[in-house]
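Work through the exercises below with the sequence and the model open, and try each task before reading its solution.

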Amino acid sequence: MRRRHLFTLAAAGAVSAGCGSDDAPPKAQASPSEARTPPANPPARAFPKGFGWGAATSAYQIEGAVKEDGRGPSVWDVFSHQKGRTKGGDTGDVAADHYHRFYEDLDIMKDLGLKTYRFSISWSRVLPTGRGTVNAKGLDFYHKLVDGLLARGIAPVATLFHWDTPQALQEQGGWENRDCAKWFAEYASTVFYSFGDKVPTWLTLNEPKTVVDAGYTSGIHAPGKRDRRIGNVAGHHLLLGHGLAVQAYRATGAKGRIGPALNLSPAYPADDSAAARKHATALDAEENRRWLDPVLKGSYPQDWLATQAADAPVRGAIQDGDLAVIGSRSDVLAVQYYNPAYVTAKGARVKKHKTSQASWQEIYPEGLYDLLTRIKRDYGDIPLTITENGMPTTNALQDQDRITFLRDHLTAAHRAIQEGVKLESYHVWSLLDNFEWAEGFSQRWGIVHVDYETQTRSRKASYGWYKSVITNNGL
């Protein structure tokens, strides 16, 4: 019998399934020990017909070509080149060289059988200074990528902002500046009108919580600041930018869907004490409701607001009408799940399960079930997509630990679907090994191995396993 948790995600619900080159690079090499795809058999846990099996990446982590074809610098170009910011001094200058090898990567996606692919657009590749004249070559790259996906029957899921604020805008205050929300919406509108109905699903922001926590509180991510009070202001402006982008999308009359991508961590008391439960409720407000409520209810949680001092800058940042904008109707909620959050009676964060190579990642598949069912219970039947879920491992090609991780989390997702959760798709993080932010190239999250010296792609055992899951539409 499943251990009963006092799950306090406070009384808090997908992506529809999208050109090749005459001189495209050769296909990725398969490992001699690659797991073979078994014949299709009726799976023990069948997913709904048409379920969107996908994979995810982000621009700065894989594209490289940071100074080519008119691209302007982002905060990560500047941050990663500052001494001591990333492990080994690694940068995304070349990364997985996807900018030059995207036809090869598209063929890998087709071979894998992907139904949907989530990627991000580099704001400064489209608008080198964040505003003004469009860089036609940069925009054309994404058109070629989208056309290549559609030609292969893979649905594009495009994220507008995955942490790479144009450096020119950062020099004007970045997300601390309220105008950044407006600049973001202008950029979004430019992209929406360019793509029209070619992209069925748009995601506005990737993990605004991480921007606040890592970029403005601990300083381990760009822009490298350590001021939580200002970080909360940036967080509000990020949400405002989301709402304005949703409104901009509606103005185009496009037929697709739009929503945010939020990383969420179910909050649990570390013991059965009343004090631990109280702290878990407060932790839930910070980890989850502070982001879910404004987007899906048009309001900040009162218990979260109560934690902000009377002179907290975020109080002044929240202006009349902001929450109505932030709460503009989202068509889809993208959920990113990596770990739960446990808190003791004294308010200390603790771990109760094993971790992956990433020491912050506590592995608890049941938390995904709790999270998905909680969203349905507290926020209704909004269509859901999982846009990131995965783990790094030091096992190169025979990554059986990743297979176990994915199998257990997909089992939890299947349980949630069986209980009525409207989960429409799942995207493994990540398709390719890539630049892992402050960790540089020291962590490999991909189901495809990348040799960073030669840029050779090799399929891992998890690739073969995931291909069989897609083929069988289940586990």
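**Exercise 1.** Decide whether Glu207 counts as buried or exposed, and describe its backbone setting.

Solution. In this predicted model, begin with the cut-off, by which a residue is buried when its relative accessible area is under 20%. Glu207 has 6% relative accessibility and therefore counts as buried. Next, place the residue in the fold: Glu207 lies in the loop between β5 (201-206) and α8. Finally, turn to the backbone, where phi of Glu207 is near 50°, a positive value in a residue other than glycine.

**Exercise 2.** Carry out the analysis for Asp97, asking where it is found and what its relative accessible area is.

Solution. Asp97 is found in the loop that runs between α2 and α3 (98-112). The relative accessible area of Asp97 is 12%, so this residue is buried. Its phi is near 55°, again a positive value outside glycine.

**Exercise 3.** Which residues do the cis peptide bonds join, and in which loops do Pro223 and Ser430 lie?

Solution. Take first the bond between Ala222 and Pro223, which is cis with omega about 10°; Pro223 belongs to the loop between α8 and α9 (228-252). Then consider Trp429 and Ser430, which are also joined by a cis peptide bond, with omega about 10°; Ser430 sits in the loop between β12 (423-429) and β13 (448-450).

**Exercise 4.** Which element supplies the largest share of the lining of the largest cavity, and which gives the most to that of the largest pocket?

Solution. Start with the largest cavity, which holds about 90 Å³ of space. Its lining has 14 residues, and those closest to the centre are Trp163, Thr165, Val211, Ala222 and Pro223, the last two being the partners in a cis peptide bond. Both α2 (75-80) and α8 (208-217) supply at least two lining residues, and the largest share, 4 residues, comes from α8. Move on to the largest pocket, with about 920 Å³ of space, where 41 residues form the lining and Thr210, Ala214, Asn263, Asn339 and Trp360 lie nearest the centre. Here α8, β9 (341-343) and β10 (349-350) each contribute at least two residues, and α8 gives the most, with 5.

**Exercise 5.** How does the radius of gyration of the chain agree with that of a compact globule?

Solution. For 475 residues, a compact globule would have a radius of gyration near 23 Å, and the chain, at 21 Å, agrees with this. As further context, buried residues make up 62% of the chain, whose secondary structure comes to 16 helices and 14 strands.

Definitions and conventions:
Residues numbered from 1 in each chain as written. Predicted model: local features only at pLDDT ≥ 70, side-chain atom pairs only at ≥ 80, totals over all residues. Heavy atoms only, no water. Rg over C-alpha atoms; globule rule 2.2 N^0.38 Å. Buried < 20%, exposed > 50% of the residue type's maximum accessible area, 1.4 Å probe, protein only. 1 Å grid on protein atoms, 1.4 Å probe; cavity = no way out; pocket = protein on both sides within 12 Å on 5 of 7 lines; lining within 4 Å. Points joined across faces, edges and corners; volume = space filled by probe spheres on them.
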